[in-house]
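Student: I would like to learn how to read side chains in a protein model. Could we go through some cases together, step by step?

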Amino acid sequence: MALYLLYESASGYSLFLAGGLDEIGQNTDAVRSSVTDFNRFGKVVQLAAFSPFESALEALKQCNSISEGQMADELRNFLEINLPKVKEGKKAKFILGVSEPKLGSHIHEETKIPCQSNEFVLELLRGVRLHFDKYIKNLKTGDLEKAQLGLGHSYSRAKVKFNVNRVDNMVIQAIFLLDTLDKDINSFSMRVREWYSWHFPELVKIVNDNYLYAKVAKFVDDKSKLAEDSLPGLTEIVGDEDKAKEIIEAAKASMGQDLSPVDLINVKQFAQRVIDLAEYRKTLYDYLVAKMNDIAPNLAALIGEVVGARLISHAGSLTNLAKCPSSTLQILGAEKALFRALKTRGNTPKYGLIFHSSFIGRASARNKGRMARYLANKCSIASRIDCFLEKNTNAFGEKLREQVEERLDFYDKGVAPRKNIDVMKAALENSEKKELEMDVDDAPDEPSVKKSKQKKSKAQGAEDGEAMEEDKTPAVTNGDAFDEPETEKKKKKREKRKLEEESEKDRATEDANGDNGLTAEDGTAKKKKKKKSRDEDGETLTGSSEGKKKKKKSKSKDNE
């Protein structure tokens, strides 16, 4: 059986025929030893066909399809033209050797060409790759290397290029910087407090917030110059007039030592730096919230922007986080405690970074572990939705958050939560509604058209047949009219009752008049036929009194 080899190079597709090979004696070691010698290898493997790519863009397209295990139309045409044709119902007398098993299976599915990918075929393709420039005579020296370099660069750029709005690297850098800023602002604020407390020690007890303390220290500067005229400025900073008056009173009776003008200038400059850092931290937090709503809106809606960003940064990327099982996500950030527990055979940690979520804090002490496991499960679902869903929506995250709230109520009060499938259906409906709201502005005009059509149909129905409206009128029982029409069950029950009453009355008439040979069954059958004829004619059901009169008349006729 002939063996053909498909080789995909940077310059085009090529097909090689390996002749003189025994199927039983295919020795991989012999091929491996003869690969380096072109004189020996060239006698076994010969070029059958070659199809160059038209441009670099075409080469990139073919390379992408091959890397995904797909057969492009160009490759299909190339194989159908150059390979021997197989008759329908007969077995092929050749095998196509390929380097990618996925590509081989796709070729076999589409064209029914038998494909093979094993170590022997890979060794032959390695020899083809080594001596490829010798097979193609028109290739100049260096052309193949340039084509490979250009294709490699373009392929790498295409793989690295993602959606600009959904680059999770920005979130990783932002959360790292946010944590660093928190540490720095805290340490710098303590330094401002210690430094300025030499001059004004009473201010520490009055103003507790670090950011406000730095602003007040910059505003007050020299406590001896603080007077009543600076009360509006202090009130604006502190936000409380009583506190501002307290600062002024404390400055008048302060026990702190005086500082030189140069020292006060340095304190003011350092306080200004702390203020700038705190304001930059606020803007960075707003940026992080905006990026999280773009990259992982469902995870942010479920667990919060900061905790979600920490999970992404610890996992390395949103894709890595989506690949993590919920048990791994539960203890992300507690790796040291986990390995220490495994080493000492102690209790493993229940939570890592998700401990900072408010749900864990709200759960009771005995339910914290269960709550962490359930929350990690929902976070895993949310991260996968964010990673693989093309639409940017937070409908699933909001519903998952509702589920976690219900689970908290279940642990505390015993209220049964909803099923996951019902919640996901509701989330899908919400996302579809949001999409419809964002659609064309012509949508509001459609209901008016539908209403007009309904009105027309109602008017036509009123003109065509009034009997239908009479049938729809609610039945009157015991003098009370119901707004809802009667159901089928109620109608059947009512008919049964009437039949029972009629049968009882027929028995009574039989007892009174024994000579007329009518039985109760004959009477009921006749009455049933009469009812059917009335329903077909479209007559309305009469009241109970009218029915009784008609029954009496029919009975008197029968007696006659």
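Tutor: Let us begin with one polar side chain, that of Gln330, which reaches the backbone oxygen of Lys350 at 2.6 Å. Please keep in mind that this is a predicted model.

Student: Is Gln330 buried or exposed?

Tutor: Buried means under 20% relative accessible area, so Gln330, at 11% relative accessibility, counts as buried. Gln330 has its place in helix α18, residues 326-330, and, leaving aside neighbours within four places in sequence, Gln330 is in contact with several residues, among them Lys350, Tyr351 and Arg373.

Student: How should I think about charged side chains?

Tutor: In general, side chains of opposite charge can pair when their charged atoms come close. Here the structure holds 13 salt bridges, and one of them joins the side chains of Glu402 and Arg418 at 3.0 Å, N to O. Glu402 lies in helix α22 and Arg418 in the loop between α22 and α23, so this pair ties together parts that are 16 residues apart in sequence. Salt bridges that share partners join Lys399, Glu402, Glu406 and Arg418 into one network.

Student: Which residues form a salt bridge in helix α4?

Tutor: Glu80 and Arg76 do, with a distance of 3.3 Å, N to O, and they lie four residues apart in that helix, about one turn.

Student: Which side chain of opposite charge is nearest to Glu8?

Tutor: That is Arg129, which is 7.3 Å away, and Glu8, although buried, has no salt bridge. Glu8 has its place in strand β1, residues 2-8.

Conventions:
Residues are numbered from 1 along each chain as its sequence is written. This is a predicted model: local features need pLDDT of at least 70, side-chain atom pairs count only at pLDDT 80 or more; totals for chains, interfaces and linings use all residues. Side-chain values use heavy atoms; hydrogens and water are left out. Helices (H or I, at least four residues) and strands (E, at least two) are DSSP runs, numbered from the N terminus. Buried means under 20% relative accessible area, exposed over 50%, partly exposed in between (1.4 Å probe, protein chains only). A polar contact is a pair of N or O atoms within 3.5 Å; within protein, one must be able to donate a hydrogen and the other to accept it, and residues adjacent in sequence count only if both atoms are side-chain atoms. Contact means heavy atoms within 4.5 Å. Lys and Arg count as positive and Asp and Glu as negative; His and the chain ends are not counted. A salt bridge is a side-chain nitrogen of Lys or Arg within 4 Å of a carboxyl oxygen of Asp or Glu.
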